[in-house]
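Here's a quick tour of two spots worth a look. Have the sequence and the structure open as you read.

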Amino acid sequence: MELGSMVSAVRSQRVLLGDEIRPAVILIKDGKIHQIHSDIYVDVPCEVLDVADSVVMPGIVDSHVHVNEPGRTSWEGFWTATRAAAAGGVTTIVDMPLNSIPPTTTLGNFHDKMQEATGKCFVDTAFWGGVIPGNQLELRPLMEAGVAGFKCFLIHSGVEEFPHVTDCDLHAAMQQLQGTGSVLLFHAERDVQQTAEEDGDPSQYSTFLQSRPDVMETEAIRTVTELCLEFQVRCHIVHLSSAEPLKLIQAARQAGAPLTVETTHHYLTLCAENIPAGATQFKCCPPIRGSANQEQLWSALKAGHIDMVVSDHSPCTPDLKKLERGDFTEAWGGISSLQFGLPLFWSSASKRGFQLSDVVRLLSRNTAQLSRLDNQKGCLAPGYDADLVIWDPERTFEIKEGGIHHKNKLTPYLGLSLQGVVCATLVRGQLVYREGCFCPEPLGKLLLIPPERSQK
């Protein structure tokens, strides 16, 4: 079956249907799942892609990706980001409103981004809008235009064109979002009075870690929970790195806050104790914390207190990582991992008793729900898009530079051996990736998400 062709049927001994793995044939019509047969020898009037005992499950929905186009295409871009996604079994990404120039904070800027993305996406792509000081009257037009929701920062974002918001800005934004069904995502760190010495060795990771203590996340999340309860607007905490605020989040949910929270592959895989001096490819904000904290994040995932896991793919050019000086205080904060989310998660999760159904829940279904794509993505059932990842959860591989499809290859995962090899990726029934090769032309769609008309 040729790359780029429309697949009409997929047969496997291991298809994940609900919480069960069983033999099945998936019939595809007009890019959607048409029927699922448990009799794998059923007579079907079309060519069948037989993948033997490779696992077939819903494609990954990565709701936290910085594509950086337009404006910072030396960092990444739609062509390279979505190829990397396809190679990793990711069938849908949701692009963050920064670090593109201009950011997605006005209707005009959104149209610019859409124009740049057209014809460059190998997987389906949706978009977050941004909340910055003074743009509250842009939010409803952006909703009407089809953004999935909005993102804001409670601390400096790292780029001048996307300033962080004050409490006053947040109240104005919340009033615009009330009753719309939209969601506001928070980079939840706040500046606090520093008590630690700030004159440590900048090449030591501990110096950077001490400059972003857990309390910065806790205090920001306290603000988020209060706003969420007061306005009853859907709120979401991105890239939780500290386990300390989890009790605040749980209390707010129990009190009726429509609040969700994600963590990332790097917080679940990497820990502070193992970061070498000068290894600035490990820098991100909030920071990678200690191993005891990491185990608490895993426990929270298992208990359902953390709702989803994403990449927060945030690449840059190698020079911005300041590797020659190894200065953690000056280096750009961001980790590239879009292509490797599935094996990163499975390599650790499988050792902790997680099942393949948990992978779908945390990496596909809940991320689709956050992005209001859950009526078409994240589920193997008739009527849903035929977005499939075909992979071997038992096979291992090593991350080597030559196999990385991100534009910039610098990642803290270089040389790591992982469990779980993606064999093929289907987007709406189209074979976009198989065994290291891509379809000749981008076949992804730009996803515009209609506002909830039933709301006032």
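What follows covers a small sheet and its helix, then a lysine in a loop.

Keep in mind that this is a predicted model. Let's start with the sheet: three strands in the order 6-7-8, an open arrangement with parallel pairing. Strand 6 (60-65) and strand 8 (124-127) sit at the edges with a single partner strand each, so one side of each has no neighbour in the sheet. On average, neighbouring strands here are turned by 20 degrees against each other, direction ignored. Strand 6 and strand 7 (residues 90-95) run parallel and are joined by 4 bridges. Within that pair, Ile60 stands opposite Val90 in strand 7. Helix 1 (residues 78-87) packs on the sheet and touches both strand 7 and strand 8. The direction of helix 1 makes about 140 degrees with that of strand 7.

Now for the lysine. Lys283 is found in the loop that links helix 8 (265-269) and helix 9 (291-303). What is the nearest side chain of opposite charge to Lys283? That would be Asp327, and Lys283 is buried without a salt bridge. A polar atom of the Lys283 side chain does have the backbone oxygen of Ala331 2.7 Å away. Here are the two distances side by side:

| Partner of Lys283 | Distance |
|---|---|
| Asp327, nearest side chain of opposite charge | 7.0 Å |
| Ala331, backbone oxygen | 2.7 Å |

Leaving out residues up to four places away in sequence, Lys283 touches a run of residues including Phe328, Thr329, Glu330, Ala331, Trp332, Gly333, Gly334 and Ile335. Phe208 and Lys321 are also among the residues that Lys283 touches.

Conventions
Residues are numbered from 1 along each chain as its sequence is written. This is a predicted model: local features need pLDDT of at least 70, side-chain atom pairs count only at pLDDT 80 or more; totals for chains, interfaces and linings use all residues. Side-chain values use heavy atoms; hydrogens and water are left out. Helices (H or I, at least four residues) and strands (E, at least two) are DSSP runs, numbered from the N terminus. Buried means under 20% relative accessible area, exposed over 50%, partly exposed in between (1.4 Å probe, protein chains only). Lys and Arg count as positive and Asp and Glu as negative; His and the chain ends are not counted. A salt bridge is a side-chain nitrogen of Lys or Arg within 4 Å of a carboxyl oxygen of Asp or Glu. A polar contact is a pair of N or O atoms within 3.5 Å; within protein, one must be able to donate a hydrogen and the other to accept it, and residues adjacent in sequence count only if both atoms are side-chain atoms. Contact means heavy atoms within 4.5 Å. Two strands pair if DSSP finds at least two bridges between them. Axes are lines fitted to C-alpha atoms, for helices over the stretch in contact, and angles run from 0 to 180 degrees between N-to-C directions.
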